[in-house]
Structures are given as structure tokens and as C-alpha cells.
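Student: I would like to go through the reasoning behind some structural labels. Please show the model.

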There are 2 protein chains.
Amino acid sequence: MSEPARLIGVDWGTSNLRVMRIAEGGRVLDSRSDPRGAGGLSQDAFLPVLQDVAADWLTQDLPVLCSGMAGARGRWREMPYLPCPAGIEDLAAAVASPQDAPGVRLVPGVAVFENGALADVARGEETQVFGLDALEDALVVAPGTHSKWIRTRRGGIDGLRTFLTGELFAAVRKGTILGAGMGDPGGDDDAFARGVGRALNDPAPTAALFSVRVEGLAGRLSTESAADYLSGLLIGAEVAAQADMNDRPVILIGAAPLCRRYAAALAQGGFQNVRVADAASATAQGLWRIREVLSR
Amino acid sequence: MSEPARLIGVDWGTSNLRVMRIAEGGRVLDSRSDPRGAGGLSQDAFLPVLQDVAADWLTQDLPVLCSGMAGARGRWREMPYLPCPAGIEDLAAAVASPQDAPGVRLVPGVAVFENGALADVARGEETQVFGLDALEDALVVAPGTHSKWIRTRRGGIDGLRTFLTGELFAAVRKGTILGAGMGDPGGDDDAFARGVGRALNDPAPTAALFSVRVEGLAGRLSTESAADYLSGLLIGAEVAAQADMNDRPVILIGAAPLCRRYAAALAQGGFQNVRVADAASATAQGLWRIREVLSR
């Protein structure tokens, strides 16, 4: 007989939905994905979409926990950003249900305040962080459209910083002369490393960007390798900005090819203790642990 | 009787052409503009376009000097980048004619080399710099698509740095979530100043960009003012990167509204001696002075 589900976990990103049947301990039994991300849904569309994707799972009288952008402003129900430092108990204490779905509980986001003013935010990554182990004075880096660097302390989230890296890469490639003829990154590790090196040595990213053109003019960078160099510049700018923390262990969560590039850039920036964790497993584990706190 | 022309000056930019009749001393007598910039012309199209715009001026047996992108690779004739430091005599000694137009002489660009490797370039701005007065240990800033910060020394060009500012602003506005609903900058000086302030205090522009979103979430930045804040962030990033030179006088050359914003950002960054010069006059004056060197 198969292991029974104990929790329905929902990870509702801006452009993607994932629903999971989760067993005791946080293991994912089954998972379904759907392209109807929170970014395109109005308030009353969330419940029908969730039922469309997983009505059979929702009838089993299991708790449903949902992290990510379903809790953003103007979406299913606006959830607050909890101020850092924030622990898993703080998250669990703040979950709340959308008006049309009392059986679903949304996880809040986390925020950094500086001098009382909102300075940075994250939604979804907080749950992943609590699904990871060994979080003493670490950095959890979630690369992507908006890369999040999350500092942990005593098992909680101590602070975070967001870089516009992924979106900026796409915008520069599509919208500037640097992108002319540029393909996808991933083919030239050496060009990537040179981009990282430039970023680590040049504190002015908007000037470093022009070097994509100069390297081409000088015959040192082919059109085929330009995407790797640009990727190196932008990921390198993140590493450069966080290099004062390179004595910390880093846990990377995200797509494998991207994590591989971040690992290389982190090594160039002097980070010596870097490991990669599976993002989906971290989300499921984080939701499970929030459920455990809730059922105490 | 009107003053006679002594020089035909041509400023051939990437997206615009300007031809000028220039009198003794560098004064512009007449000027014509055309949208056929060098960026869209093949090698054999330059002479016909120039004749189309100013055939009547070209018959008067006057010298013709042309600065800008007509000398870029793949255009009328590829002109070298002269290494900095470069004086006006170096520029004059390197002028050369396209094969199909022996009466036209193109002005070379200038370049910075670091450890023997090409590190930055400019075309067109070198001529403007030599058209300005009082160039002892100054900074000439030419804002725009690619902003150029040019250092002068002993009347020559000592070095330069290019920032992708204008192009990056357009790409971020068009291609990222930050640009959603964003209008044109220019309406909110306070939001601009806050963007500059953030850039001056945060050495990580790709993280600072995310603050456009956070400021909006926090209710501190309206959609109407977001373009000004973003403009402040990117111009502020330039000023921050050059702040170690804020004891130098600065001459701004460019469009008036843009120069006004740069002047404000420079003041915020501690630059105390800033003046604005007319770009077209500077080009004409620079071409005139090169002609004077050539006729010695």
C-alpha cells in the first residue's frame, strides 16, 4: 500500500502553479504543474484554477498550504510581509485563508525594513529557506528573474537582498545594441568567467555593460559567446555586492544550469562552501514544516 | 555682405546627420539635418546622402571635415581609435579620406587601452571636447544612449569611460516589470533626487533597480514618478562611479533637459563646478580647430 498524503502543498509563482501531494516528513508523492501563474489571475480565478488542476486531491480532507505570489497585492488574498528576523513560527502564526477558500492557508512573505521603511521583499523563497537544513549563518541564493540572497541566522531569516539579474539580462539582450545577434548563454564557460572577473573588479555595472561592446570591437568576444559574457557580468555583479559574506556557506536553489553558473561565479568571488539544493523539494519540505508548527 | 564659409563640417551620428557651413573662428553660418544616420548606411551610400543634403555647399571648394560614426567599422571608411592621451595634433595627423570622396576627411575616434588591451572607445565626442575651452584637468560629460565621461589633461584627452545609461533606461522601462505603466521622466525632481541618492549610497546598481518595485509596494513612489526615480538611479550610478573626481570642473554637452538632470545629480554627488555647453557649437568649433592644425 502506498504512503498516505498528509498535506496538499501549493507553490503559486508569478508564471507557474505547482500542486503537490506531500507525505509525512515532507516527501512529495505526486506533483502537477500548470501555466496559470498568479501574475495573470484575478482574485476570483484562483480557486477555480486550483480545483481545475487538483479537485480530486482537494476532496481528501487534507490541509492545504500555499506559498508564493497568490499572496501578492491584488491576487488571491494580500498577505503581509513579515519583518526580518523572521522564524518559521512567525510564518505559521501569520497564515490566513482567502475568503472563498477557508480550507486553504496562504503563507506570508518576508521583508527587510531599514529605519522603519520597507527596503526589500520576498514571497515564496521564505518557505524554501525553511525547507533547507543547516541554516546557521548561511546564505540561501535563489537565482532567477529576481535573484534573492537570503541571510539566515539561528534557524530564521535574518535579511535579504534582491537583484534584478534575470530580468535585466533579458531586457539588455532584447532592448540594447549589446544584444544584436546574441544567442542563449551556456556555451562558453571562459567568456562567462571573464564577465564575472570584470564584474568583481569593476564596481560600476552600468559601465561594465559597455564592455560587451568593447570586447567585441577588440575581437576578444564573438557574437556566440557574448551572452555568456553578459551573464557573467550580471551574476558577477551580485557576487561582487555580497563578497563581504564569502566566509558563509551558500545554498543555491533553482534550475540546475543556472545554479551551475552561480556556483562558478561564487567560487570566483571567494565563496568556498557552496552546495545546490532542489527547489521543489525545499518548497515541499518548508510547507510540511509550517504544517507541523500549525498542528502543535 | 555675409561672412564667407571656410569649412564644411559634418557630424555623422548613428541616427542623425548634420552638415554645417562654418566661418572663420568656428561659428556656424548654416546647418542642415537629415535622419539618415551612419547606423543605417552601407559604405557606398555615404557620399550620395551627403550630396543629397548639401551638394550646393560641396561645390564651393571648401575643405570638408567629418566626425562621428561615419568612421566606424563597416561604414564610410573605418578610422582608427587613437590611444589616450591624445591631443588635437594627434587627431589632425590621423584624418583620412574615404576612397570615393578624396575631398572629405574623417576624424578618428579615441580609445583607452589598459595593459595593452582596448578598454573603452568614443567617436564624435573627441571632436566636441577639442571645441571646448578651459580643458585643464576637467571632465567632459556627454550624456545620452551611451554616456561618455572624458577626462582632459593639458588640453588633451587623458581617458574616458562609457556608461550604458540611456539604452539601459529604455531597455528596463520596456522590458521589465519595473516599466509597467511607466511614463517619461522629467516631472518629479524629488523622485529623481531620491533615485540619485539611493545610487550614491548603494554600490550595487542591479540591486538598486529592484528598489523601483519596493518603493512602489511601500507606497512611496507613484507610477507617474517611477521614471524619474529610475532615471535618478541610473544617472546616479554614473556619478557614484566617478565621485572620486568630484574636485574637477565638469562640462556637460548634450540636450538641455538631460543636462539639467545631470547637473542636479552631479551636485548631489559633490561636484561643485558644473557648466553646460552647446553640443552643436562644440562640434563646429572642434572641427574648425582641427582644420586650423591641418592648414598650418
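Tutor: Two strands pair if DSSP finds at least two bridges between them; helices (H or I, at least four residues) and strands (E, at least two) are DSSP runs, numbered from the N terminus. This is a predicted model, in which local features need pLDDT of at least 70, side-chain atom pairs count only at pLDDT 80 or more, and totals for chains, interfaces and linings use all residues. Residues are numbered from 1 along each chain as its sequence is written, and chains are lettered from A.

Student: What makes strand 2 of chain B and strand 3 of chain B a pair?

Tutor: They share 6 bridges in the antiparallel sense, where at least two are required. Ile22(B) stands opposite Val28(B) in strand 3 of chain B. The hairpin between these strands has 4 residues, and Gly25(B) in its turn has a positive phi of about 95 degrees.

Student: How many bridges link strand 1 of chain B to strand 2 of chain B?

Tutor: There are 7, again antiparallel, with Asp11(B) opposite Arg18(B).

Student: Why is strand 2 of chain B called largely enclosed?

Tutor: Buried means under 20% relative accessible area (1.4 Å probe, protein chains only). In strand 2 of chain B, residues 17-23, 7 of the 7 residues are buried, so the rest of the structure largely encloses it.

Student: How do you know that the span of helix 9 of chain B agrees with expectation?

Tutor: The expected span is 1.5 Å times one less than the number of residues. For the 13 residues of helix 9 of chain B that gives 18 Å, and the end C-alpha atoms are 19 Å apart, which agrees.

Technical notes. Side-chain values use heavy atoms; hydrogens and water are left out. Buried means under 20% relative accessible area, exposed over 50%, partly exposed in between (1.4 Å probe, protein chains only).
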